[in-house]
Amino acid sequence: MALNNTYDARLQQETAVGAAVQILLLALLGTAIGLGVAGWLTGLAFAFATWAVLSRALHRSALRSFGPANRVTLGRATLVGGVTALVADSFRSAPPVTLLVSLTAVALLLDGVDGKVARRTGTSSALGARFDMEVDAFLILVLSVYVATRLGPWVLLIGGMRYLFVAAAYFAPWLNAPLPPSLARKTVAALQGIALLIAGSSLLSHPAALAVVLLALGSLGWSFGRDVMWLWRHGRATAVTPEVRPQEAAPPQMAPLELELAAR
């Protein structure tokens, strides 16, 4: 019991350090650009939510160490918190585009690092995959909010589609069935952040930015639609368990909850 408490305390220290670094980043942004109240409050809310949710998940997990891959993901989450604060502050005044683009670009580049680190160090875990997925999804949501102020509210469909899928799964459990690996799905997912970053960088004309985001939304809709059709054909069949006699019953199988969605 004492050993478990020691491991848990070390894990909680990791999340506390992450929250402290997030606050430090907000302070640096405040000093550099004069971050407003909305930016501060949103950034602090993000830091607290990340600390609280991750601490609870670690407490309930069987992890004995935080691991280098999760540290990379936590670093990405810190950058996403900075982007979130800048986007929230953009409703008061236009943020420095170079700073916003830089933070976002580094967060997107590091997305390919944590997975490689986890595989090379043998520290892959369901919690790490879920953590990575949530950071990715929230960054796309925040970027879609920022770009929507320029191109229109329809851009929010890009950031909201994954959350709509998860919400739909509560009413249609067959959507929770594991999906087969797909390079196309991973490619489409990676393109969303890149497309939104380009559109929000002000490097393109309005028509060009509109075309880039429309292409991203179309590819995302195609990817989700294809997966939903596959789950409709295969997931519904596995969601219904045939009645068997007690002596024939097999131990229940645990599906890897939403691990395949982490590729989005």
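The bend at a residue is the angle between two axes, one fitted to the seven residues ending there and the other to the seven starting there. Keep that in mind for helix H6, which bends by about 30° at Arg162. What you're looking at is a predicted model, where local features need pLDDT of at least 70 and side-chain atom pairs count only at pLDDT 80 or more, while totals for chains, interfaces and linings use all residues. Residues are numbered from 1 along each chain as its sequence is written, and side-chain values use heavy atoms, with hydrogens and water left out.

Let's start with the overall layout. The protein has 8 helices and 0 strands, where helices (H or I, at least four residues) and strands (E, at least two) are DSSP runs numbered from the N terminus. Walk along the sequence and the pattern reads α-α-α-α-α-α-α-α. Of the 264 residues, 41% are buried; buried here means under 20% relative accessible area, exposed means over 50%, and partly exposed is in between (1.4 Å probe, protein chains only). Take the contacts between residues at least 6 apart in sequence, and 82% of them join residues at least 24 apart, a contact being heavy atoms within 4.5 Å. The accessible surface comes to about 14,300 Å², and carbon and sulfur atoms account for 69% of that. Those areas come from the Shrake-Rupley method with a 1.4 Å probe, and for residues only the protein chains shown count as cover.

Now for a couple of individual helices. H2 (residues 37-60) has 24 residues, so at 1.5 Å a residue it should span 34 Å, and its end C-alpha atoms are indeed 34 Å apart. The expected span is 1.5 Å times one less than the number of residues. The buried residues of H2 are Gly39, Gly43, Phe46, Ala47, Thr50, Leu54, Ser55 and Leu58.

Back to the bent one. H6 (residues 156-171) has 16 residues and an expected span of 22 Å, which agrees with the 22 Å between its end C-alpha atoms. Arg162, where the bend sits, is one of the buried residues of H6, along with Ile158, Gly159, Gly160, Met161, Phe165, Val166 and Ala169.

Next, the charged pairs. There are 9 salt bridges in the structure, each a side-chain nitrogen of Lys or Arg within 4 Å of a carboxyl oxygen of Asp or Glu. One of them pairs Arg76 with Asp132, the closest N and O atoms being 2.7 Å apart. That pair links distant parts of the chain, since Arg76 is in helix H3 (residues 68-89) and Asp132 in helix H5 (residues 126-151), 56 residues apart. Both Arg76 and Asp132 are buried.

A second buried pair involves Arg185 and Asp227, whose closest N and O atoms are 2.9 Å apart. Arg185 lies in helix H7 and Asp227 in helix H8 (residues 206-239), so this salt bridge ties together parts that are 42 residues apart in sequence. Arg185 counts as buried at 2% relative accessibility, and Asp227 does too at 3%. As for Arg76, salt bridges that share partners join it with Asp111, Asp114, Asp132 and Asp136 into one network.

Within H5 there's also a local pair: the side chains of Arg130 and Glu134 meet in a salt bridge at 2.8 Å, N to O. Arg130 and Glu134 are 4 residues apart in the helix, so about one helical turn separates them. Arg130 is partly exposed at 34% relative accessibility, and Glu134 is partly exposed at 25%.

Finally, head for H7 and what follows. Leu191, Ile194, Ile198, Leu203 and Leu204 make a nonpolar surface patch of about 450 Å². Patches are built from residues with over 30% relative accessible area and no salt bridge, with like charges joined within 9 Å and nonpolar side chains (Val, Leu, Ile, Met, Phe, Trp, Tyr) within 5 Å. Ile194 sits in H7 (residues 183-200) and is partly exposed, with a relative accessible area of 42%.

In the loop between H7 and H8 you'll find Ser202, which has a positive phi of about 65° although it is not a glycine. Most residues other than glycine have a negative phi. Ser202 is partly exposed, at 47% relative accessible area. Further on, His234 lies in H8 and is partly exposed at 38%. His234 and Leu175 are 59 residues apart in sequence, yet their C-alpha atoms are 9.8 Å apart in space.
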